[in-house]
Amino acid sequence: MCRFLTGSLLLLISGNLFSQDSARRAFPSSRRNTRQSPAIGHFYGRIVDAKTNKGMDGASVQLLMSVLDMARHSRRDSVIRGAITPSNGDFSFENLPVFRNYHLRLTAIGYKSIDQKITFSLKEAQSADPEQRLGAVDRDLGNIRMQVDTQSLQQVTVTGSRPLIQLGIDRKIYNVEKDISASGGTAVDVMRNIPSLAVDIDGNVTLRNSTPTIFVDGRPTTLTLDQIPADEIESIEIITNPGAKFDASGGVSGILNIVMKKNRKPGYNGSVRAGVAKRGGYNAGGNINIKQGKINFFSSVGYNNRKTISPGTTDRLTFISYPEYQLHQVDSNVANSQFTFARAGLDYFLDNRNTITISGTLVHGMSKPTTNSSLTQDTLYKNGSSNSSFTRRFSNTSTEFNNKSGMLSFKHNFPRSGENWTADANYTQGQSNSLNQTSSELYEIPGGPLTSIYNQQQNTSGKNEFITAQTDFTNPFTEKSKLETGARMAVRNISNLNNFYTADSGGNLLYQPLLSSNYSYHDQVLAGYIQYSNTVGRLGIQMGLRAENSAYQGSNSYAEKDVNSPDGLKDTLGTFSNQYPISLFPSIFLTEKLRDNQDLQLNYTRRIDRPGFLQLSPFTDYSDSLNLSRGNPNLKPQFTNSLEMAYQLNYQKNTFLATVYYKYTTDLITRYQTKEINPLTDSVVLVNTYINANSSYIGGLELIGRNSLTSWWDLTTNLNIYTSKINAPDSIHTAPASYSWFAKINTTFRLPKNLTLQITGDYTSKTVLPPGGTAGQGGGGRGVTVSGNSQGHSLPTGGMDASLRYEFLKNKAASLTFSMSDLLATRRYDVYINSAYSDQHSLRYRDPQFFRLQFNYRFGKVDVSLFKRKNKQEDPENLQNNTDSPIN
């Protein structure tokens, strides 16, 4: 495995991968591309009087395209679109092939005609900026002034299809539609294939060894990654060091922005899908998009059912008090889960420059994990003797969750290209209800007589909601300089009710107020930013400043012991709050264009991580007597200063990106283990909580390459070498700094007979647990879960995934995909935790060699006159014989 990765990475940085002949074979001719040109282009604008600047009524607008006259064996200009402008002067032409040469011809009585060439290229299609990619096929030609002296329109650029991965200095874009292995899965399956991202067996994602902030369509979400169907995702943006325009949260890691599918092709298009998976899992779904006139409607629905298996073991030596005891725990976890995902919305085009969008999402799901555990505990005495006990524990959990969200947005494009104003409001709410029942049977030795039974039940209900409102304005001064500014409000409300019960010998439930809690939390962030960018010669400059006002407050209602009370208890309401009137977050990006195909960038940002709900909650979770956990309401936010230097080289169809990064964090939020007294049993117990450490740093070198080795073989490689260290008070044991590395390879083979093979492999060396992050949370046996903290490390792990797709029917409208994850059954969760009171080793596997078979069928008709009579002009779709083709 190591030799394979090393050899591939050496090939990556080699500059002599291709001969001239192989390069020609790798790039189809422009003539061939023209015949296969997708008809998704859209031109629009407004005809105005040059003197009054008012829209012109009755102007004739014609769009001409050069076509081959088969009778005369010569080329001629043919009118493919035409319109007479209304009183406001607007015109709009859709459904245009993007690789053709056009003329825009304008005539009006009393005005001089305008005949302007409009050319097409692939430049903006390769941009890492999503706004540029969208604008490449949906372009505003601005206000066209008709007067005696003709003024030429600026050249318009429209783009074609995108590759699997687009690499940019400031971000990476992973186009999910090109990833065959994710079909039928969730967002977790997509993340496994993306460079820079490591995903553990439970679906926890880290970006350069830190947990990133997850956005959906640029906004916060209450959804988890395993609740988002992969087939509904268009692309994922990986932003390692966001500038002032972005939310300042997520300072240690960065941002993962999940862009959901929404098509604006004229006519209708969509797909249906169905699949089966290992252990009887199945999924089904579909989506449809209809665009006609001023309305673009989009909708999708999906259902997913899955069964997972996760065996594991835990060994712990506890020396919290005398005598010491040693625990050996064997877990078998089986979880059945299902969820339904539905999404719908529409764009309403008021005119060529004003659009209103409304959309909503509903998610409903259930999860029923069952864990059977065998626990052997040896009590160790100083004289060498020991006593043993054995426990069989059965845990059943039933969780139901619901999520709903809605968005309303408005966008106005000004006549000047690139100048626009947007405003949107978002609301997201999630609710969950969970019932956990645990029964423990105690024996003196395995196989011996039953000595006692202990039963407990925990009822938990929670609700969280996000409310955001944002407005942004972009003002381009020139083609090379622009000013961006905006404001944002974000409000979050979280509540959690936890009732704990024990059962007596008759099976009656007894409420335990000392172990129960009612918790609520509210925070808000008010932000504004300004960002200026310019290009002077070969030097690009982007400077920004973001200001945020933040505050949070919480309350916790719980019971405490009180000897003076009749029942020995008293009700207590604890409150906490913190406020930061103003925090400033500067950013600066300097980009030097060394040559036409080489860029060098240096950037700096300051960002923040505010403590989350579980990190602040003062409630102690006693549901697992061997793994108690509690938040810390006294936590402060942590601030991170990030510095990156990146070099990018583009050669032919290949890209090489090298990045050196360093992040320094103050008041780092990290896990910590402390010794306390159980209020119910008065015994000494260990509680996992959070503290603010002094500081920490993360530094490393990341190399990424995307290579088109031949016309049928693409290869993406990724190597990340890094180190991290937590600086804490002397009383807290921390892991020493050490170097680690992570490697990933994603390769695609386009085989004969419409077959495509995709193989992904990854490897992570021994690594200090992510500072303040999470390693391997959830999904395993009770007593095995351990959060990332300053006191542990994970052992090496890695694996390989493979997918094979067969496409058939006309225009490859249908496909069958067979995927298998963890092909070699080598991925595992293998973690050591060392503290002042215990040493623990946990080992767990989850769903090795999991397979899935998926069917997908695409349909559609790209046609602007779908619901009206055909006009008699020549149709560019007919010219390239693909009017009735399924959408590609």
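User: Buried means under 20% relative accessible area, exposed means over 50%, and partly exposed lies in between (1.4 Å probe, protein chains only). What does Tyr303 count as at 24% relative accessibility?

Analyst: This is a predicted model, in which local features need a pLDDT of at least 70 and side-chain atom pairs count only at pLDDT 80 or more, while totals for chains, interfaces and linings use all residues; here pLDDT is the predictor's confidence in each residue, from 0 to 100. Residues are numbered from 1 along each chain as its sequence is written, and side-chain values use heavy atoms, with hydrogens and water left out. Because 24% falls in between the two cut-offs, Tyr303 counts as partly exposed.

User: How are the rings of Tyr282 and Tyr303 arranged, as a stacked, edge-to-face or tilted pair?

Analyst: Rings of Phe, Tyr and Trp (its six-membered ring) pair if their centres lie within 6.5 Å, and planes under 30 degrees apart count as stacked, over 60 as edge-to-face and the rest as tilted. Tyr282 lies in strand S17 (residues 282–292) and Tyr303 in strand S18, so the pair ties together parts that are 21 residues apart in sequence; helices (H or I, at least four residues) and strands (E, at least two) are DSSP runs, numbered from the N terminus. Tyr282 is itself partly exposed, with a relative accessible area of 40%. The centres of the two rings are 5.7 Å apart and their planes stand at 35 degrees, so the pair is tilted.

User: Asn304 also lies in strand S18 (residues 295–318); is Asn304 buried or exposed?

Analyst: Contact means heavy atoms within 4.5 Å, and, leaving aside neighbours within four places in sequence, Asn304 is in contact with residues including Gly184, Tyr282 and Phe339. Because the relative accessibility of Asn304 is 14%, this residue counts as buried.

User: Which element gives the most residues to the largest nonpolar core?

Analyst: A nonpolar core is a set of buried Ala, Val, Leu, Ile, Met, Phe, Trp, Tyr and Cys residues joined through side-chain atoms within 4.5 Å. The largest one has 31 residues, and among those with the most contacts inside it are Val190, Met191 and Ile258. The elements that give two or more residues to this core include helix H5 (187–191), strand S14 and strand S15. With four residues, the element that gives the most is H5.

User: Which residue of strand S15 (residues 255–260) stands opposite Glu237?

Analyst: Two strands pair if DSSP finds at least two bridges between them, and S14 pairs with S15 in the antiparallel sense over six bridges. On strand S9 (residues 172–175), which pairs with S14 in the antiparallel sense over four bridges, Lys172 stands opposite Ile238. Six of the seven residues of S14 (residues 233–239) are buried, so this strand is largely enclosed by the rest of the structure. The residue of S15 that stands opposite Glu237 is Asn257.

User: Which strands stand at the edges of the open sheet S30-S31-S35-S34?

Analyst: Four strands form this open sheet, and their pairing is mixed. Within the sheet, strand S31 (residues 628–630) runs parallel to strand S35 (residues 684–692) and is joined to it by two bridges, with Ser629 opposite Asn688. An edge strand has a single partner strand, so one side is left without a neighbour in the sheet, and this holds for S30 (620–621) and S34 (669–677).

User: Over the ring of which residue does the charged end of Arg208 sit?

Analyst: A charge sits over a ring if NZ of Lys or CZ of Arg is within 6 Å of the ring centre and within 35 degrees of the ring normal. One such case is Arg844, whose charged end sits over the ring of Tyr829, 4.9 Å from its centre. For Arg208, the charged end is 4.4 Å from the centre of the ring of Tyr661.

User: What is the mean pLDDT of the chain?

Analyst: Over residues 772–789 the pLDDT is below 50, and over residues 864–888 it stays under 50. Where pLDDT is low, the predicted coordinates should not be read in detail. For the chain, 81% of the residues reach 70 or more, and the mean pLDDT is 81.
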